[in-house]
Amino acid sequence: MISAALIFTVSLAAVGIGANWLTSAAVFFAQRFRIPEQVIGATLLSLATTLPELAVTVNSAITGHPELALGNALGSIIFNTGVILSVVCIISPVQAKVNQVKGKYIILGLALLAAYLVSLNGWISRTEGLALFALTPALIITAFRGGHLAGGHDDPAPQGSLLHNLAIFLGGALLLAVGSRYMVSSAITIARLLGVQEMVIGVTIVAAGTSLPEFVTCVVAALRGYRGLSMGNILGANILNISWVVAAAAILAKDGLSTQTIHIDLAAAALVTFISFLALLVYNRLGRLYGISILIAYICYVLLRIGPSTGS
């Protein structure tokens, strides 16, 4: 337990440093090439911060732990929207017109619907995994189209060279991936000592651990005033958790992925996504009251998921 706690602490520090580097480099790219923040957030940042989910999910699927794999992917969507977006809103309300994010919400909704449809027979096959993966290019195209609606970046000229910032970006992504991997393994060790079931570990502990890069990156971006990066990163990462993470696991798993126990968490992911979209549709913003309410709802969800598991 002591060694697991030490590994968790060191890994957490690595993730924090990596997230700061990643944000700095992403802002540089947005300024240098006059790319809107939401485009950078939904593409470069989302791909980089989703690497831990990809690594853990694929490893879980290949080694015969499909429940952990799917729990991680779906739990990350719930954590991203229920915790990360809520904290960002509490720090500073997110202003966003529906036209700027509508495309990404539509793709996310289609991804969740597709995941539900392919899970009805109890398995996600390799062919179905390939079909889910086809949504990834749609995310990138939609991100660029939606970004143009938001307009250009008005910050001062970027500082530093392109090569220097590229190195910072790659180094940050590496720290995020490695730090999260060891942090998750230590978290699993601690959780199993508490007698928590595998699916619940995936949806809660592992999902929160592998989503830590998004959490730190989005909070750092929000504190520095780049809320567009946060919103784009969260939506992009949620889509990639299905179109990239679940798809890759299904493709690489020997017999596909079992979906016998995912429907509660799939419904929770769809519900929290719909609520955030509805709030933006009505108010064109996500305020502090929204953030506090959804954060409380997430805590209740986790307690309900862990309760039956530890009691069985």
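This passage describes a long helix, the aromatic pairs, the internal cavities and the cysteines of a predicted model. Residues are numbered from 1 along each chain as its sequence is written, and side-chain values rest on heavy atoms, with hydrogens and water left out. Because the model is predicted, local features require pLDDT of at least 70 and side-chain atom pairs pLDDT 80 or more, whereas totals for chains, interfaces and linings use all residues.

Helices were taken as DSSP runs of H or I of at least four residues, and strands as runs of E of at least two, numbered from the N terminus. Helix α8 comprises 32 residues (residues 162-193). The expected span of a helix is 1.5 Å times one less than its number of residues; for α8 this gives 46 Å, and the end C-alpha atoms are 47 Å apart, which agrees. Just after α8, G195 adopts a positive phi of about 80 degrees.

Across the whole structure, 3 aromatic pairs were found. Rings of Phe, Tyr and Trp (its six-membered ring) were paired if their centres lay within 6.5 Å, with planes under 30 degrees apart classed as stacked, over 60 as edge-to-face and the rest as tilted. The F79 and Y298 rings have centres 5.8 Å apart and planes at 80 degrees, so this pair is edge-to-face. It connects distant parts of the chain, since F79 lies in helix α4 (residues 66-91) and Y298 in helix α13 (residues 288-311), 219 residues apart. Y298 also pairs with Y301 in a tilted arrangement, with 6.0 Å from centre to centre and 45 degrees between the planes. Y298 and Y301 are 3 residues apart in α13, a separation of about one helical turn. F79, Y298 and Y301 together form one aromatic cluster.

Residues were classed as buried under 20% relative accessible area, exposed over 50% and partly exposed in between (1.4 Å probe, protein chains only). F79 is buried. Y298 is buried at 10% relative accessibility, and Y301 is buried at 12%.

The search for cavities returned 2 of 30 Å³ or more. A cavity is a set of points on a 1 Å grid over the protein atoms alone where a 1.4 Å probe fits but cannot get out, and lining residues have an atom within 4 Å of a point. Points were joined across faces, edges and corners, and a volume is the space filled by probe spheres set on the points. The largest cavity has a volume of about 50 Å³ and is lined by L70, L74, A115, I124, I242, V246, I262 and L266. Helices α4 and α11 (227-252) each give two or more residues to this lining. Its residues divide into 8 nonpolar, no polar and no charged, where Ala, Val, Leu, Ile, Met, Phe, Trp, Tyr, Cys and Pro count as nonpolar, Asp, Glu, Lys and Arg as charged, and the others, Gly among them, as polar.

The second largest cavity holds about 30 Å³ of space. Its lining consists of T81, L85, Y105, M231, I234, L235, N238 and S276, and α4 and α11 are again the elements that give two or more residues. The most comes from α11, with 4 residues. By class, this lining has 5 nonpolar, 3 polar and no charged residues.

The search for disulfides (pairs of cysteine sulfur atoms within 2.5 Å) found 0 in the whole structure. C89 is buried at 0% relative accessibility, and C218 is buried at 1%.

Definitions and conventions: On a 1 Å grid over the protein atoms alone, a cavity is a set of points where a 1.4 Å probe fits but cannot get out, and a pocket is an open set with protein on both sides within 12 Å along at least five of seven lines; lining residues have an atom within 4 Å of a point.
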